[in-house]
Amino acid sequence: MKFGKNESDDRPTVDSAEDVIRGLRKHRNLTTFELCPQCDIGQSVYAFGISTCPDCGAGIIPCSMCRECRTPCVYEEIRNAGGGKGRRRR
């Protein structure tokens with residue numbers, strides 16, 4: 001996991017599924033702001049893992065945490081492997 005290229009230089013960025021796992025362990029409560037792909041409402045979501053939109057229930061991937069977009073998407077790989085059902089924010 002490397003740092004930089006996000007909103008500030010001290011925020012971790014994601015390059016692989018292993019980065020997501022390390023991020024979940026080290027920065028469990030770190031959040032970022034993303035638009036829900038289903039309802040287009042901005043939500044504060046967990047920076048690592050797939051969160052659940054409180055308005056429509058769709059999964060929200062924290063795309064702003066990735067260094068660059070790639071195919072296949074790191075979060076889509078995790079979701080397809082059954083590791084990302086979403087975490088509801090309280």
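The following legends describe close-up views of a predicted model of the protein.

**Figure 1. Overview of the secondary structure of the predicted model.** The protein contains 2 helices and 7 strands. Read from the N terminus, these elements follow the order β-β-α-β-β-β-β-α-β. Of the 90 residues in the protein, 36% are buried. The accessible surface amounts to about 5700 Å², and carbon and sulfur atoms account for 48% of that surface. Among contacts between residues at least 6 apart in sequence, 45% connect residues at least 24 apart.

**Figure 2. The buried face of helix 1.** Helix 1 spans residues 17-26, and within this helix D19, V20 and G23 are buried. Viewed down the helix axis, the buried residues fall within an arc of 100°, so they line one face of helix 1. The cover over these buried residues includes strand 2 (12-13) and helix 2 (74-80). One of the buried residues, V20, is also among the contacts of Y75, a residue of helix 2.

**Figure 3. L24 of helix 1 and its spatial relation to F48.** L24 belongs to helix 1. With a relative accessible area of 23%, L24 is partly exposed, because the buried class is limited to values under 20%. Along the chain, L24 and F48 are 24 residues apart, while their C-alpha atoms are separated by 5.7 Å. F48 reappears in the two views that follow, as a contact of Y75 and as a contact of P62.

**Figure 4. The surroundings of Y75 in helix 2.** Y75 has a relative accessible area of 0% and is therefore buried. Apart from residues up to four places away in sequence, Y75 touches V14, V20, A47, F48, G49, I50, I61, P62 and C66. Y75 and C63 are separated by 12 residues in sequence and by 8.6 Å from C-alpha to C-alpha.

**Figure 5. P62 in the loop between strand 6 and helix 2.** P62 is buried, its relative accessible area being 0%. When neighbours within four places in sequence are set aside, the contacts of P62 are T32, E34, Y46, A47, F48, G49 and Y75. A47, F48 and G49 thus appear among the contacts of P62, and these three residues are also touched by Y75. The C-alpha atoms of P62 and F33 lie 7.8 Å apart, with their positions 29 residues apart along the chain counted as sequence separation.

**Figure 6. The largest pocket and its lining.** The largest pocket encloses about 160 Å³ of space. Its lining consists of V14, D15, C63, C66, R67, E68, C69, R70, C73 and V74. By residue class, the lining comprises 6 nonpolar and 4 charged residues, with no polar ones. Two of the lining residues, V14 and C66, are also in contact with Y75.

**Figure 7. C73 and the cis peptide bond of the loop between strand 6 and helix 2.** Strand 6 covers residues 59-60, and C73 lies in the loop that separates this strand from helix 2. C73 is classed as partly exposed because its relative accessibility is 22%. I61 and C73 are 12 residues apart in sequence, with a C-alpha to C-alpha separation of 9.8 Å. P72 is located in the loop between strand 6 and helix 2 as well. The peptide bond from T71 to P72 is cis, its omega being near 0°. Most residues other than glycine have a negative phi, and most peptide bonds are trans.

**Figure 8. The backbone at D40.** D40 is situated in the loop between strand 3 (31-35) and strand 4 (42-46). The phi of D40 is near 60°, which is a positive value in a residue other than glycine. D40 counts as exposed because its relative accessibility is 58%, the class being reserved for values over 50%.

Terms used:
Residues numbered from 1 in each chain as written. Predicted model: local features only at pLDDT ≥ 70, side-chain atom pairs only at ≥ 80, totals over all residues. Heavy atoms only, no water. Buried < 20%, exposed > 50% of the residue type's maximum accessible area, 1.4 Å probe, protein only. Helix = DSSP H or I, 4+ residues; strand = E, 2+ residues; numbered from the N terminus. Arc of directions from axis to C-beta. Contact = heavy atoms within 4.5 Å. Areas by Shrake-Rupley, 256 points an atom, 1.4 Å probe, with all protein chains shown as cover. 1 Å grid on protein atoms, 1.4 Å probe; cavity = no way out; pocket = protein on both sides within 12 Å on 5 of 7 lines; lining within 4 Å. Points joined across faces, edges and corners; volume = space filled by probe spheres on them. Nonpolar A, V, L, I, M, F, W, Y, C, P; charged D, E, K, R; others polar.
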